[in-house]
Amino acid sequence: MKEVDWIFEHAPHGLALGSPEGRWLAANPAYCRMLGYEERELLQMDVYDVTPEEDQAITRRFLDAVHRGEMDTAIYEKRYRHKQGHLIEVRVAVAAVRHPDGSVSHFVVQVVDLSTARERENKLRLYGELFEHSNEAILITDRDNRIVAVNPAFTRITGYGAKEVLGRNPRFLSSGRHDRAFYQQMWRALKTTGHWEGEIINRRKDGREYHEWLSISVIHDEQGQVQNFVAIFTDISSLKDAYAQVEFLAYHDPLTLLPNRVLLRDRLQQAIGEAHREGRQVALLYLDLDNFKHVNDSLGHGVGDRFLQEIARRLRNCLREDDTVSRQGGDEFAIVLPHVRRLDHIVSVIEKIQTALAEPIALQGQQVRASFSIGVALYPDDGGDIDTLVKHADVAMYHAKEAGRDTYRFFTPAMNARVRARLRLENRLRQALEQGEFELWYQPRVRLADGRICGAEALLRWRHPEDGWISPGDFIPLAEEIGLIVPIDQWVLEEVCRQNLEWQRRGLGEIPVAVNLSAMDFRRPDFRDRIVRVLADTGIDPRWLELELTESVLLQHTDEIMATLQWLRSLGVNFAIDDFGTGYSSLAYLKQLPVSMLKVDRSFVRDVPGDPNDEAIVKAVIELGQVFGLQVVAEGVETEAQLQFLCRLGCDSVQGFRFSRPQPAAEFERLLCREPFRTCD
Ligand SMILES: Nc1nc2c(ncn2[C@@H]2O[C@H](COP(=O)(O)O[C@H]3[C@@H](O)[C@H](n4cnc5c(=O)[nH]c(N)nc54)O[C@@H]3COP(=O)(O)O)[C@@H](O)[C@H]2O)c(=O)[nH]1
């Protein structure tokens with residue numbers, strides 16, 4: 001094949017030869033493809049057959065001019081009609097080849113299809129417009145992830161102009177809210193699928209964070225190598241805020257902003273689920289304002305709204321973080337207490353609410369007092385599901401209303417009776433100290449080596465005018481809860497020091513007497529001063545005072561408590577760890593404490609000898625005491641077998657009913673005068 005023929009066959013553009021009249025004499029494959037005809041078909045046609053009527057004049061003008069000898073070549077744009085009917089824009093370059101006599105031998109025609117080039121141009125223009133005017137930010141980086149282009153929307157959203165960011169890695173936008181794993185996963189997706197899409201929190205130039213919905217695509221070159229990354233993102237911060245707002249309103253009361261009925265049920269359901277797993281109780285309180293109708297009718301609805309908002313604020317302040325208070329509608333509120341261990345907890349929340357509402361609310365120059373009628377139902381006792389609990393709390397609330405304003409009722413009569421009893425006890429306890437109803441009883445500590453009394457523990461008793469002797473186990477927790485334990489323990493301290501000094505003056509012996517102190521005493525800032533004052537007022541030598549601390553008190557220690565203990569120890573006051581073994585004291589910790597005695601809890605002594613675990617624990621505590629140079633006292637010794645077991649292990653002293661129950665001071669004096677006890681065989 002001649003070179004010219006080869007070019008004709010393989011040229012990317014259309015090439016054709018035409019007769020002087022415009023008939024086709026030859027057409028190359030590109031030309032045929034462009035028009036959709038076979039060459040043999042074209043050879044039966046002329047140029048007008050493939051030219052739409054409107055464009056035929058262009059061709060005709062040229063041919064006429066050539067034939068008149070006015071021109072030989074021309075380049076013009078026109079349209080062809082494809083075999084299938086559609087039009088193609090083309091650029092035609094045509095040259096006339098003449099005979100020596102000047103007449104036209106034939107035409108050489110070169111045709112370029114402009115449609116694809118136009119399309120590309122149009123597309124590029126469109127993309128440019130899109131890039132410039134898009135509402136979505138567009139950021140393009142090169143293969144090394146350096147920014148090569150950003151659009152105006154990028155600047156609008158981030159605050160960074162194009163000049164400030166070109167050449168930088170987009171990581172400067174990061175807010176630091178996502179961890180390494182987040183970005184690793186993003187890059188993994190880009191590598192494997194060429195695409196990543198998701199929500200991301202970035203930071204604007206002014207430092208504010210914003211949420212964006214980001215979509216990144218990888219662009220590859222013809223060789224399949226990464227060429228660019230194109231990131232397109234929208235600022236969805238306001239959308240998120242709006243969504244959060246809608247969601248908030250779906251679950252909250254718009255007036256008070258408290259959780260609404262729906263959210264309360266949700267929280268109640270959650271609390272019931274947890275309580276079921278952990279064997280706890282949940283309380284549901286229904287609260288109805290006693291005087292809301294009056295406020296609304298006399299002061300108007302606007303004032304009524306402010307009244308409800310203030311009530312809501314006060315209710316919120318009465319509760320802990322994991323409690324829920326909700327407005328059920330109108331003047332009805334409900335509270336879920338998810339962690340109820342004792343009835344007292346519910347009563348103290350109700351008392352807090354009553355105290356909070358006792359303060360009048362100033363409304364339009366008037367002082368308005370609010371009060372609630374409150375009904376209480378308990379899971380699981382009063383109902384195992386939400387609907388039953390709600391119904392029963394409501395019933396209880398109506399009972400409270402019937403009983404008069406500003407009061408509460410539990411759903412079950414038994415519960416109401418218990419609460420009444422507790423209230424009576426509380427009222428009596430508040431008077432007990434003033435009325436001199438407390439008394440101290442003493443239990444001796446017996447040294448195993450010689451059977452002598454080597455100390456005593458002072459134990460509080462309350463002589464209730466109607467109910468007789470009440471054990472501390474029944475009133476100390478209540479005294480702690482209502483804050484009475486501090487004055488009570490102060491009285492105990494003074495009484496112990498006074499009594500001990502009196503025994504010494506009367507020659508009954510010199511023994512240390514131990515006092516049980518509540519954790520609350522240690523936490524008070526005046527604890528050290530109170531002890532010092534008692535020692536000074538009574539004039540007793542500090543070494544005759546022993547303070548018993550539980551492990552739990554010590555575990556919550558602060559440096560301040562530790563310093564106080566060290567200081568009191570330096571004065572001569574002794575410390576014993578009570579109920580040793582029930583807490584989690586570490587050995588390292590024990591070493592730092594200024595204690596001189598460990599008291600083995602009576603729960604470990606009860607089943608020895610016999611229970612191998614308890615035997616091992618008692619043995620370990622005694623050995624621990626020996627290693628650290630601490631006295632070990634075993635509590636709760638009731639039997640001869642327990643006594644002999646402790647003797648064999650080398651325990652220092654014991655306390656328990658085997659020798660004596662706690663005794664009033666006068667009885668204890670008799671013990672001080674008696675012969676030593678029989679101890680080890
Ligand atoms: N903050 C204060 N707490 C005090 C005070 N007085 C007592 N308490 C604490 O009350 C709890 C109950 O005390 P109590 O009912 O007096 O019981 C004590 C003993 O009677 C009892 N015990 C003694 N020996 C035996 C025995 O052989 N068997 C047996 N079943 N019980 C016995 O043990 C109680 C002493 O316990 P502990 O103090 O843990 O060593 C009690 O926790 C007291 O601490 C006070 O003034 N303030």
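**Exercise 1. Find out how confident the predictor is in this model.**

Start with the protein: in this predicted model, the average pLDDT is 92, and 98% of the residues score at least 70. Then take the scores for the model as a whole, which are ipTM 0.94 and pTM 0.55.

**Exercise 2. Locate the ligand and describe the residues around it.**

Step one is the site: the ligand sits in the largest pocket.

Step two is to see which elements build the shell. Those giving two or more residues are β19 (453-464), α16 (472-481), α17 (485-505) and β23 (574-580). Of these, β19 supplies the largest share, four residues.

Step three is to sort the shell by class: ten residues are nonpolar, six are polar and eight are charged.

Step four is to pick out the residues that come nearest. Among the 24 residues around the ligand, these are Arg-461, Asp-579, Arg-602, Glu-635 and Glu-638.

**Exercise 3. Work through polar contacts to the ligand, using a cut-off of 3.5 Å between N or O atoms.**

Begin with Arg-602: an N or O atom in its side chain is 2.5 Å from an oxygen atom of the ligand. Move on to Arg-461, where a polar side-chain atom lies 2.8 Å from a ligand oxygen. Finish with Gln-443, whose side chain places a polar atom 3.0 Å from a nitrogen atom of the ligand.

Now step back to the ligand's surface. On its own the ligand has 830 Å² of accessible area, and the protein covers 81% of that.

Technical notes
Residues are numbered from 1 along each chain as its sequence is written. This is a predicted model: local features need pLDDT of at least 70, side-chain atom pairs count only at pLDDT 80 or more; totals for chains, interfaces and linings use all residues. Side-chain values use heavy atoms; hydrogens and water are left out. A residue is near a molecule or strand if one of its heavy atoms lies within 4 Å of it. A polar contact is a pair of N or O atoms within 3.5 Å; within protein, one must be able to donate a hydrogen and the other to accept it, and residues adjacent in sequence count only if both atoms are side-chain atoms. Accessible areas come from the Shrake-Rupley method with a 1.4 Å probe; for residues, only the protein chains shown count as cover. On a 1 Å grid over the protein atoms alone, a cavity is a set of points where a 1.4 Å probe fits but cannot get out, and a pocket is an open set with protein on both sides within 12 Å along at least five of seven lines; lining residues have an atom within 4 Å of a point. A molecule sits in a cavity or pocket if more than half of its atoms lie within 2 Å of its grid points. Ala, Val, Leu, Ile, Met, Phe, Trp, Tyr, Cys and Pro count as nonpolar, Asp, Glu, Lys and Arg as charged, and the others, Gly among them, as polar. pLDDT is the predictor's confidence in each residue, from 0 to 100.
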